[in-house]
Amino acid sequence: MSNREKIFIFRGNEILVEAGTDRVVTEKPVLLDDGAISDYLDEKAHVPPALYSIAVCSDTPAPEGTEWRLVRRMLAVTPEPVLQPMLKALALFHWRLTVQFCGKCGAPTEDKSDEIARICKTCGFVTFPRLSPAILAVIRKDNQILLASNAKFTTGVFSLVAGYLEVGENFEECVRREVREEVGVEIDNITYVASQPWPFPDALMVGFEATWKSGEIKPDGVEILEAGWFGPDNHPPLPPPGSLSRKLIDRAFKKLSK
Ligand SMILES: [Zn+2]
């Protein structure tokens, strides 16, 4: 295998790693049963880097010397040269599961040879990988930032206001709307900070900073159960390292500490 080719083996949102380590298995283990492979992505035409992702059934045991690990838990510990293709392979794997048939006429699709896309064998309709952009917002007020507890969080962590971009919206409008809807405050000075692919299954997280303008925090009670202003030395549990939300929070607290 050339060093431009990588294999990633997924089981749902889990990936095969060397047992007891943070090293992703990037070659197909001999012991992996071929019968378990339900999807095989051959992206050799699209370099660099060439990627293969192998998906296995939910009950496939890890071959000896390996174990399944949630991809999310690998974000903070996987070096960039492996992380980037790993996230790309996972995104393509999720996407391919949903485009086996043409969305226009219902006939089977096949890989397009010259780009990452699926083409309908009957009507020629081309489908590209779907990306769902979502915003994260660091809102600053004096020496504190707004952190919120999402109803979906089960671990008691507080994070940033977040939400998906709606059709017809630009990012600034999305940030304003999400902050207004979720915590009832108005903001100003919205600026872009950083982004991160988030293939669970197809998001692109886009991080912004803004300053508080007016209004008292009022959680919507549906998505956000609790929210407040917190400083670097006095805050609730944060999301685990590796996520963009955590990076933005750490960055904001570092700036506030100076
Ligand atoms: Zn078609």
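Visitor: In this predicted model, which residues are exposed on the other side of α4?
Guide: A residue counts as exposed if 12 or fewer other C-beta atoms lie within 10 Å of its own. On the side of α4 away from its buried residues, the exposed ones are K254 and S257.

Visitor: Within what arc do the buried residues of α4 fall?
Guide: The buried residues of this helix are L244, S245, L248, I249 and A252. An α-helix has 3.6 residues a turn, so residues three or four places apart point the same way. Seen down the axis of α4, its buried residues line one face, because they fall within an arc of 135°.

Visitor: Which strands are included in what covers the buried residues of α4?
Guide: The residues to be covered are L244, S245, L248, I249 and A252. Their cover includes β9, β10, β12 and β13.

Visitor: How far apart are the end C-alpha atoms of α4?
Guide: Helix α4 has 14 residues, numbered 244–257. At 1.5 Å a residue, α4 should span 20 Å. The computed distance between its end C-alpha atoms agrees: 20 Å.

Visitor: Is D142 buried or exposed?
Guide: D142 lies in the loop between β9 and β10 and has a positive phi of about 50°, although it is not a glycine. Most residues other than glycine have a negative phi. With 10 other C-beta atoms within 10 Å, D142 is exposed.

Visitor: Which strands are the edge strands of the open sheet β6-β7-β8?
Guide: The sheet has 3 strands in that order, with antiparallel pairing. An edge strand here pairs on one side only, and this holds for β6 and β8.

Technical notes
Residues numbered from 1 in each chain as written. Predicted model: local features only at pLDDT ≥ 70, side-chain atom pairs only at ≥ 80, totals over all residues. Pairing = 2+ DSSP bridges. Helix = DSSP H or I, 4+ residues; strand = E, 2+ residues; numbered from the N terminus. Expected span 1.5 Å × (residues − 1). Buried ≥ 20, exposed ≤ 12 C-beta atoms within 10 Å, placed from the backbone. Arc of directions from axis to C-beta. Contact = placed C-beta atoms within 7 Å.
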